[in-house]
Amino acid sequence: MPWFVIYTKPRTEKKVAERLAQLGVQVYCPLVTTIKQWSDRKKKVQEPLLSSYVFVQLDEKQRDLVFQVSGVVRYVFWLGRPAVVRNQEIEALQESLQHTLTSFEVRAHKVGDVISIPAGPFQGKEGIIRQLSKNSLQLVLTELGVLITLHKEEL
């Protein structure tokens, strides 16, 4: 069965995935653990890797089933047809998320440098440093055209 990509309402990815699973749909919502800081505490939180996107595996005939879940907006289309993701790509994404980046060290880098990400979901991808601070690093991934922020984990 093929994997399809569903576009969801903002910040509903985990709920949509949970409700689709309850309907018996094979679903995958890639999650990463991040540290959120409030004024009084820090907490590890699981957030979707891809905002507003969830992958579902079902037959072409069952595609309308996902619209029974609130929060589902539409399927993502490519060249006039629903976008299909190969099993190998889903498996590669799952495997890469098992090796998450827990910390990093900024060493003599400056804005504009091109660096390769050593570990985590974007391992091996190159990015241009856009912003540096004591505890974080913003990269523009040249291959994907997205901006990511890496935070130094304090123990």
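This report describes a helix and a sheet in a predicted model.

## Helix α2 and its length

Helix α2 covers residues 87-98, which makes 12 residues in total. At 1.5 Å a residue, a helix with this number of residues should span 16 Å, and the end C-alpha atoms of α2 lie 17 Å apart, which agrees with that expectation.

## The two sides of α2

The buried residues of α2 are I90, L93, S96 and L97. When the helix is seen down its axis, these buried residues fall within an arc of 130 degrees, so they line one face of α2. On the other side of the helix, Q88 and Q98 are exposed.

Several strands take part in covering the buried residues of α2, including β1 (3-8), β2 (26-28) and β3 (31-37). Also among the elements that cover these residues are β5 (53-57) and β9 (84-85).

## The sheet from β10 to β13

In general, the strands of a sheet pair through backbone hydrogen bonds, and this pairing is either parallel or antiparallel. Here, an open sheet of 4 strands follows the order β10-β11-β12-β13, and its pairing is antiparallel. The strands β10 (114-116) and β13 (146-151) stand at the edges, where each has a single partner strand, so one side of each is left without a neighbour in the sheet. From one strand to the next, the twist averages 40 degrees.

At the β10 edge, the partner is strand β11 (residues 126-132), which is joined to β10 by 3 bridges, with the two strands running antiparallel. Within this pairing, S116 has E126 in β11 as its bridge partner.

Note on methods: Residues numbered from 1 in each chain as written. Predicted model: local features only at pLDDT ≥ 70, side-chain atom pairs only at ≥ 80, totals over all residues. Heavy atoms only, no water. Expected span 1.5 Å × (residues − 1). Buried < 20%, exposed > 50% of the residue type's maximum accessible area, 1.4 Å probe, protein only. Arc of directions from axis to C-beta. Contact = heavy atoms within 4.5 Å. Pairing = 2+ DSSP bridges. Axes fitted to C-alpha atoms, helices over the stretch in contact; angles between N-to-C directions.
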